[in-house]
Amino acid sequence: MGAAFWDLERLARTAGGEVIRSTKRSVFGAAIDTRSLRSGQLFFAFRGAQTDGHGFVEKAAERGAAAAFVTDLSLLGALPEGFGVVRVDDAELALVTLAKAYRDELRDVCVVGVAGSAGKTTTKELIGSVLSETLTGSHSHKSFNNRLGVSLTMLNARPDDDYLVCEIGTSSMGETAELAAIVRPDTGVLVSLGREHLEGLGGLDGIADEAAGLLEGVPADGTLVVIGDEPRLLDRTSGFADRITFGTDPMCDVSIREVVADWDGTRFDVDDAAFCIALLGVHNASNAGAAIAVGRAFGLSDEAIRAGLARAAPAPMRLEPQTVAGIRVINDAYNAHPESMAAAIRLFASLPTPDNNGERVLVLGDMLELASEGPALHEEAARLIVQSDAADRVLLVGKLAGGMKPVLDAADVEAQAFEATDEGTREAAMTLAPGDVVLLKASRGVRLERVVESLENSAGTLTER
């Protein structure tokens with residue numbers, strides 16, 4: 001099943017293109033990056049904001065791609081014999097069109113779509129870990145949650161798998177519904193709401209409306225897994241026939257209780273059954289609750305679900321524990337909005353303090369895309385630091401984060417401000433010392449992971465406290 005779909009002539013017709021050269025290779029899957037390309041995949045060359053994929057077609061052929069979808073045929077003479085070429089008007093649109101068509105080939109695969117604000121990637125990873133305990137399938141690579149990432153995830157799924165887990169992201173109104181139309185999930189999952197992308201989505205009501213766009217792709221006889229602690233999402237999904245709720249509310253179908261988080265991970269109970277995950281933070285118990293709900297909907301036993309959760313590892317730069325140059329780092333630098341920032345600060349405040357001369361240090365960068373509310377929301381985070389006694393020192397990276405300093409200064413919390421540059425993040429890193437415990441948290445655009453890179457480059461030269 002599905003093999004006929006990958007005939008190059010059929011692919012070209014589906015995408016509205018023309019086969020210029022046939023391929024001698026069998027075809028399966030898709031790629032837009034030669035570094036991760038696998039033998040037999042299609043390579044889609046299109047002009048992005050910074051890179052023109054046509055410059056990598058020859059490399060794709062060398063790495064074993066079966067064919068390329070291109071708009072420019074001037075490179076034809078440089079390509080090896082037997083490498084297929086399909087000309088299309090828009091290679092990016094061709095990728096999306098083929099992903100939509102391939103979804104029909106996955107009718108025996110149970111597709112799970114994860115949408116919402118904070119926790120999508122972690123929840124996707126937890127669901128994948130649970131389902132893989134007894135079933136065969138795959139889930140989105142890293143944060144492949146935009147139009148390109150979702151299409152690649154779909155095109156690389158195998159039609160004889162049991163499941164596929166897709167992450168669905170958004171930054172503007174209507175994007176969730178658009179991606180849900182590609183994924184068409186049999187099981188939809190809505191995780192927590194957060195004040196992110198306010199420039200494109202407005203307030204929490206707009207964000208909830210956007211998240212509920214997932215329902216555009218879930219069939220009437222599908223399953224919807226929804227966080228029961230978010231009234232806005234409950235209201236927008238109240239008419240769905242097969243709805244399963246999860247969260248800390250006792251009325252949830254998967255009700256999470258007795259949550260304990262420490263350096264070893266997070267432990268909690270559901271229906272008097274104990275579960276644990278090797279992920280930091282009380283809020284991750286909720287993400288695990290979504291995975292439990294999905295696992296049960298798939299018919300897995302709690303024993304299998306428990307084993308799958310126990311195997312799950314944190315995604316890179318999402319509360320990822322690291323030890324660098326003798327410094328214990330919680331790297332949560334992948335992204336940030338006010339709710340995830342607050343959760344990270346509370347987590348840091350709850351963890352045991354260093355048992356040596358080290359300090360607890362928060363390294364916080366700008367939360368971006370908050371529109372006019374940005375300054376006030378950063379001050380809100382500063383007040384939480386004061387109230388929770390979260391840190392001995394706070395390092396603020398970026399202009400918006402620097403606006404937290406007056407609040408911290410007024411409360412006699414030691415704070416330093418740095419520019420969000422290579423030099424600024426290096427200077428911040430150089431104030432740390434072996435034995436410190438550090439949390440990194442900022443929006444993706446700040447690239448706060450540069451603090452870790454500076455520490456790695458300075459190993460052995462940092463001054464003891």
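**Exercise 1. Are α5 and α6 roughly parallel or roughly antiparallel to each other?**

Before the solution, some ground rules. This is a predicted model, where local features need pLDDT of at least 70 and side-chain atom pairs count only at pLDDT 80 or more, while totals for chains, interfaces and linings use all residues. Residues are numbered from 1 along each chain as its sequence is written, and side-chain values use heavy atoms, with hydrogens and water left out.

*Solution.*
- Step 1: Find helix α5 at residues 147–155 and helix α6 at residues 175–183. Helices here are DSSP runs of H or I, at least four residues, and strands are runs of E, at least two, numbered from the N terminus.
- Step 2: Get the geometry: the angle is about 10° and the axes are 10 Å apart. Axes are lines fitted to C-alpha atoms, for helices over the stretch in contact, with angles from 0 to 180 degrees between N-to-C directions.
- Step 3: Angles under 35 degrees count as roughly parallel, over 145 as roughly antiparallel, 65 to 115 as roughly perpendicular and the rest as oblique. So α5 and α6 are roughly parallel to each other.
- Step 4: See who touches whom (heavy atoms within 4.5 Å). Arg-147, Val-150, Ser-151 and Met-154 of α5 meet Glu-178, Leu-179, Ile-182 and Val-183 of α6.

**Exercise 2. Work out how α10 packs on α11.**

*Solution.*
- Step 1: The axes of α10 (residues 283–297) and α11 (residues 302–311) come within 10 Å and cross at roughly 140°.
- Step 2: That crossing makes α10 oblique to α11.
- Step 3: Now pick out the residues: Ala-288, Ala-291, Ile-292, Gly-295 and Arg-296 in α10 meet Asp-302, Ile-305 and Leu-309 in α11.

**Exercise 3. Describe the surroundings of Lys-441.**

*Solution.*
- Step 1: Place Lys-441 in strand β20, residues 437–441.
- Step 2: Check exposure: Lys-441 is buried, with a relative accessible area of 3%. Buried means under 20%, exposed over 50%, and partly exposed in between (1.4 Å probe, protein chains only).
- Step 3: Look for polar partners. A polar atom of the Lys-441 side chain lies 2.9 Å from the backbone oxygen of Asn-335.
- Step 4: List neighbours beyond four places away in sequence; among them are Asp-332, Met-341, Val-363 and Leu-448.

**Exercise 4. Which residues of α17 are buried, and what covers them?**

*Solution.*
- Step 1: In α17 (residues 450–457), the buried residues are Arg-450, Val-451, Val-452, Ser-454 and Leu-455.
- Step 2: Their cover includes β15 (320–324), β16 (327–332), β17 (360–365), α16 (422–429) and β20.

Technical notes. Polar contact = N/O pair within 3.5 Å; in protein donor to acceptor, adjacent residues only side chain to side chain.
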